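Open the structure in your viewer and keep the sequence panel visible. The tour goes from the whole chain to single residues, one selection at a time.

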Amino acid sequence: MAGHGTDEHPHGADRLCEAGDRVYSQAVRMGHVPREDAEAVPCLVELALLHPDPDDMDRLVPTSPLEVMTRLLRSVDEEVSASQARVGTAVAAVGWYAGLDGGRVQPPAESTAIRVLDGLQRIRAAMDEATEACTQEVLAVQPGGIRREDELREGLHRGLEMCRRGVRMRDLYTHVARHGQGLHSYMELMGGAAEARTLDEVVERLIVFDRTVAFIPANADRTMALEIRHPALVEYLVTVFERLWRLAVPLTSPIPATGIEGISHRERSIAALLAEGHQDAVIAERLGISVRTCRAHIARLSETLGAASRTQLGVRIAQAGLDGPPRSGTGEKPFPLNAPAVAPLPESPTGR
């Protein structure tokens, strides 16, 4: 029996080892087991699952499974009662210590620095609360394309109310949003309290109230959001906004020309993203246009640059200097848009 104690079988009757399960199951089926069969599993005797047969000391008989279950349940009940008693003691102790500070010790600020808002209803409620509390400024980044009329109408009454309170608003949109008359009408109604600028592409949706609380999406479909009140994080987001704002073009000003005849500003943006290796769907999403519109621009770009394939288009984009920021003041001659290709290149396998 030496070397076969419970150290090698650290379990209770509710989770027998494989050998113990096999021997106890046999004892229940047969009504007994030879003593030598149980020598390898002394845990059964120590747990009182097997005990000697008074009529034959060479055999062991099983304790009734019903009795074992009753014993286990009693043990579990005692453990639960003990845990409840410890919880009660802990609550009482914490309550006693909490009363010593007279309410002077406040919870750490980080406990509410970031709050996850799950569901559109909770997001709207938090946004409404921040809107009502706002007294100075709202900064907003609105990605996507043309703003829908219903979206603009929904936010109009909130905007006008903040306008009456003297709150100033600055909004960043993509250039595509300029083509929606609803945005221009909205800005006219807001008067001098609101200002809008546009960029080729902007970051994900961001709204900052009074530079103290910010909201950003927490998942792709925007059904979850983060409410951020940590000063360092809010300051970082405001810095991102301010840098984008300096690069953006006022809604009341025309978009600067590309300086290359036959290439629109949007096509130049598409060319730069193509040069980075992005697919049509990604480019469309970043610029706030449909994939169909994006491909139409790519087709016109290919025609203007005289490219017969996507691979060749990439070469022509680089040759024309469309793969990066405009080359101003470098003295470089513009790439001749009607120049023939140096050599025909094979079509890409995907035809894109």
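The stops below take in the chain, its sheets, its cores and a few chosen residues.

**Before you start**

This is a predicted model, in which local features need pLDDT of at least 70 and side-chain atom pairs count only at pLDDT 80 or more, while totals for chains, interfaces and linings use all residues. Residues are numbered from 1 along each chain as its sequence is written, and side-chain values use heavy atoms, with hydrogens and water left out.

**Whole chain**

Show the protein chain as a cartoon: eleven helices and eleven strands are present. Both are DSSP runs numbered from the N terminus, helices being H or I of at least four residues and strands E of at least two.

Next, colour by accessibility. Of the 352 residues in the protein chain, 36% are buried. Buried means under 20% relative accessible area, exposed over 50%, and partly exposed in between, with a 1.4 Å probe and protein chains only. Switch to a surface view: the accessible surface is about 21,100 Å², and carbon and sulfur atoms account for 57% of that. These areas come from the Shrake-Rupley method with a 1.4 Å probe, and for residues only the protein chains shown count as cover.

For contacts (heavy atoms within 4.5 Å), take the pairs of residues at least 6 apart in sequence: 67% of these contacts join residues at least 24 apart.

**The eight-stranded sheet**

Select the strands in the order β4-β10-β9-β8-β5-β6-β7-β11; they form an open sheet with mixed pairing. Two strands pair if DSSP finds at least two bridges between them. At the edges are β4 and β11 (249-250), each pairing on one side only.

Zoom to the β4 edge. Strand β4 (residues 114-118) pairs with strand β10 (residues 224-228) in the antiparallel sense over five bridges. Pick Val116 and find its bridge partner in β10, Leu226. Then pick Arg115, which stands opposite Glu227 in β10.

Move on to β9 and β10, an antiparallel pair with four bridges. Here Phe215 has Glu227 as its bridge partner in β10. The hairpin of β9 and β10 has six residues between the strands, and Arg222 takes a positive phi near 60° there.

**The cores**

Stay on Phe215 and show its surroundings. Beyond residues up to four places away in sequence, Phe215 touches ten listed residues, including Leu117, Ala126, Met127, Ala130 and Leu206. Which residues touch the most other members of the largest nonpolar core? Select Val138, Met169, Met187, Phe209 and Phe215, which do so in a core of 26 residues. A nonpolar core is a set of buried Ala, Val, Leu, Ile, Met, Phe, Trp, Tyr and Cys residues joined through side-chain atoms within 4.5 Å. Among the elements that give two or more residues to this core are α4 (120-133), β5 (137-142), α6 (181-190) and β8 (206-209). A second, separate core has 20 residues, including Leu273, Leu313, Ile317 and Leu322.

**His175**

Select His175 in the loop between β6 and α6. Is this residue buried or exposed? His175 counts as buried because its relative accessibility is 10%. Leaving aside neighbours within four places in sequence, the contacts of His175 include Thr198, Asp200, Val249 and His265. Check the distance from a polar atom of the His175 side chain to the backbone nitrogen of Asp200: 3.4 Å.

**The three-stranded sheet**

Now select β1, β3 and β2, which form an open antiparallel sheet in the order β1-β3-β2. The edge strands β1 (33-34) and β2 (50-53) each pair on one side only. Between β1 and strand β3 (residues 56-62) there are two bridges, and Val33 has Leu60 as its bridge partner in β3.

**Cysteines**

Select the cysteine sulfurs. The structure holds zero disulfides, a disulfide being a pair of cysteine sulfur atoms within 2.5 Å. For Cys43, the nearest cysteine sulfur is that of Cys17, 4.1 Å away. Cys43 is buried, at 2% relative accessibility, and Cys134 is buried at 1%.

**Last stop: Ala281**

Select Ala281 in helix α9 (residues 280-287). Ala281 is partly exposed, since its relative accessible area is 44%. Add Val291: the two residues are ten apart in sequence, and their C-alpha atoms are 5.6 Å apart.

Definitions and conventions. Polar contact = N/O pair within 3.5 Å; in protein donor to acceptor, adjacent residues only side chain to side chain.
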